[in-house]
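Here are some exercises to work through with the model open beside you. Try each task on your own, then follow the solution step by step.

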Amino acid sequence: HNPLMVADRIIQLDHMTRGRAMFGVGPGLLPTDAEMLDIPVDQQRARMAESLDVILRLIAGETVTEKTDWYSLKNARCQLRPYTRPRPEFAVASTITPSGATLAGKHGIGLLCVAATVLEGYDALDTNWRIATDVAQQHGHTLDRSMMRLVGPMHLAETREQAMKDV
């Protein structure tokens, strides 16, 4: 997505919810989604990192001029300042590899551990958090454990029997 449009939408949602929205970023999970959007699968992660940097700059009030192979911005700036100061909460998706942790540390944003209930994902929590905090320190940020979010699937139904039948 174009970073300016994303930044404007985040700020609009931040105002509409009066600061009760959290923005999570990730490269995309399904290769089929990337194919339908004509995005090379091997470029998803790099594009996410590239656009996140610009989104955060725009939300901080910067004017951005930047041209890449997939978007172009000329004196781009957001329509509004965020409702939440200094900005809404951001978190980057993390599974097993350290790429999400590295990006979270670079920008001083939260870590959204989407594989926390999978054995490999659970085993990587400590390592990825350490990587995030080390990278954050290198970039002048401090991460607090409250910025680490664990995600696990759940299903709700009227009764346990109904839940088992549904699943």
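Before we start, a definition for the charge exercise: Lys and Arg count as positive and Asp and Glu as negative, while His and the chain ends are not counted. The place of a charge is taken as NZ of Lys, CZ of Arg, CG of Asp or CD of Glu.

This is a predicted model, in which local features need pLDDT of at least 70 and side-chain atom pairs count only at pLDDT 80 or more, whereas totals for chains, interfaces and linings use all residues. Residues are numbered from 1 along each chain as its sequence is written, and side-chain values use heavy atoms, leaving out hydrogens and water.

**Exercise 1. Find how far apart the mean positions of the positive and negative charges are.**

Step 1: The protein chain has 18 positive and 20 negative charges.
Step 2: Their mean positions lie 8 Å apart.

**Exercise 2. Work out the pattern of helices and strands along the sequence.**

Step 1: Helices (H or I, at least four residues) and strands (E, at least two) are DSSP runs, numbered from the N terminus.
Step 2: The protein chain holds six helices and six strands.
Step 3: Reading along the sequence gives α-β-α-α-β-β-β-α-β-α-β-α.

**Exercise 3. Describe the open sheet, its edges and the helix that packs on it.**

Step 1: Four strands form the open sheet in the order β1-β4-β5-β6, with parallel pairing; two strands pair if DSSP finds at least two bridges between them.
Step 2: The edges are β1 (22–25) and β6 (148–150); each has a single partner strand, so one side of each has no neighbour in the sheet.
Step 3: On average, neighbouring strands of this sheet are turned by 30 degrees against each other, direction ignored.
Step 4: Helix α3 (residues 44–59) packs on the sheet and touches β1 and β4 (contact means heavy atoms within 4.5 Å). The direction of α3 makes about 175 degrees with that of β4; axes are lines fitted to C-alpha atoms, for helices over the stretch in contact, and angles run from 0 to 180 degrees between N-to-C directions.
Step 5: Now look at β1 and β4 (residues 89–94), which pair in the parallel sense over four bridges. Here Met-22 stands opposite Glu-89 in β4.

**Exercise 4. Is Thr-127 buried, partly exposed or exposed?**

Step 1: Locate Thr-127 in helix α5 (residues 119–138).
Step 2: Buried means under 20% relative accessible area, exposed over 50%, and partly exposed in between (1.4 Å probe, protein chains only).
Step 3: With a relative accessible area of 36%, Thr-127 is partly exposed.
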